[in-house]
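I opened my notebook to record what I could look up in this model. I kept the entries short.

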Amino acid sequence: MIVERLPITRRWEARRQRRLIEGLRFLLVGGMNYVVDVGVFNALRATVMATQPVSAKVISATVATLFSWVVNRSWTFSTRARRRMLHEFIGFMVINALGLVPPVVCLWFSHYVLGFESQLADNISANIIGVALGTLVRYLGYSLVVFNPKPKSTD
């Protein structure tokens, strides 16, 4: 068809394909990151931080964030134009701090307000419900702010 041969149509298709691959990579890295986060959380929750689930979650999320920074920068968003590494890192940390809010709030509410204090309840609230909400925050932040090239000058 003629429309498929137009240069703009080909650019849109290529852009859509790049976004799909980027999204799949993001989800794969997220899966690996989830294993790191949940593993550290449960190790801390079962041992030295048995009575401090929120602190355990903050520590596990921090460890997972550092892992995520390296893999997302070097693989997921590797085809994007770059800003200075320090600028990206600071933006990444800010977005991850925002992405940590849903799991911590869900965990705090479930544990301290609703009184669900078991390790299973903490995992459901923080690592299923909270992480799902935090993932949406992170993807939008990464793709729109952190790994988004500088806007072109209109001068």
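**Entry 1: W69 and the cores**

I started with W69 in this predicted model. I asked which residues W69 touches beyond those up to four places away in sequence. I found M85, E88, F89, F92 and F147.

Next I looked up the largest nonpolar core. W69 belongs to it, along with F26, F77, F92, I95, Y142, V146 and F147. That makes eight residues in all. I then checked which elements give two or more residues to this core, and noted α4 and α5. I also noted another core, lying apart from that one. It has six residues, and M49, A56, L107 and A126 are among them.

F92 and F147 turned up twice in my notes. Both are touched by W69, and both sit in the largest nonpolar core.

**Entry 2: The chain as a whole**

I stepped back to the full chain. How many helices and strands does the chain have? I counted five helices and zero strands. From the N terminus on, the elements run α-α-α-α-α.

I then looked up burial. The chain has 155 residues, and 37% of them count as buried. Contacts came next. I took those with a separation of 6 or more. Of these, 73% are between residues 24 or more positions apart.

**Entry 3: α4 against α5**

I turned to two helices that give residues to the largest core. Helix α4 covers residues 85-113, and helix α5 covers residues 119-146. Their axes are 8 Å apart, and the packing angle is about 155°. Angles over 145 degrees count as roughly antiparallel. The pair α4 and α5 is therefore roughly antiparallel. Their crossing is right-handed. I sorted the residues in this contact by class: 16 are nonpolar, nine polar and three charged.

**Entry 4: α3 against α4**

I did the same for helix α3, residues 53-76. The axes of α3 and α4 come within 9 Å and cross at roughly 150°. That makes α3 roughly antiparallel to α4. I noted a right-handed crossing here too. By class, this contact has 16 nonpolar, five polar and three charged residues.

**Entry 5: α3 against α5**

One more pair was on my list. The axes of α3 and α5 come within 13 Å and cross at roughly 35°. Their crossing is right-handed. Which residues meet here? From α3 I wrote down P53, K57, S68 and N72. From α5 I wrote down D122, A126, N127, V131 and Y142. The class count came to four nonpolar, three polar and two charged residues.

**Entry 6: Charged residues in α2**

I moved on to helix α2, which runs over residues 7-46. I looked up R19, E22, D37 and R45 one by one.

R19 lies in α2. Is R19 buried or partly exposed? Its relative accessibility is 36%, so I put it down as partly exposed. I also compared its position with that of F77. The two are 58 residues apart in sequence, and their C-alpha atoms are 9.8 Å apart in space.

E22 is in α2 as well. Its relative accessible area is 6%, so I marked E22 as buried. Leaving out residues up to four places away in sequence, E22 touches T76, F77, R80 and Y139. I had met F77 before, as a member of the largest nonpolar core.

D37 also has its place in α2. I found it buried, at 9% relative accessible area. Which residues does D37 contact, leaving aside its neighbours within four places in sequence? I listed K57, S60, A61, A64, N127 and V131. Of these, K57 is in α3, while N127 and V131 are in α5.

R45 was my last stop in α2. It is buried, with a relative accessible area of 8%. Beyond residues up to four places away in sequence, R45 touches A50, P53, A56, H111, E117, S118, Q119 and D122. I followed up on Q119. R45 and Q119 are 74 residues apart along the chain, yet their C-alpha atoms are separated by 7.6 Å. A56, also touched by R45, is one of the residues of the six-residue core.

Notes: Residues numbered from 1 in each chain as written. Predicted model: local features only at pLDDT ≥ 70, side-chain atom pairs only at ≥ 80, totals over all residues. Heavy atoms only, no water. Axes fitted to C-alpha atoms, helices over the stretch in contact; angles between N-to-C directions. Helix = DSSP H or I, 4+ residues; strand = E, 2+ residues; numbered from the N terminus. Parallel < 35°, antiparallel > 145°, perpendicular 65-115°, else oblique. Left-handed = near helix turned anticlockwise from the far one by under 90°. Nonpolar A, V, L, I, M, F, W, Y, C, P; charged D, E, K, R; others polar. Core = buried A, V, L, I, M, F, W, Y, C linked by side-chain atoms within 4.5 Å. Buried < 20%, exposed > 50% of the residue type's maximum accessible area, 1.4 Å probe, protein only. Contact = heavy atoms within 4.5 Å.
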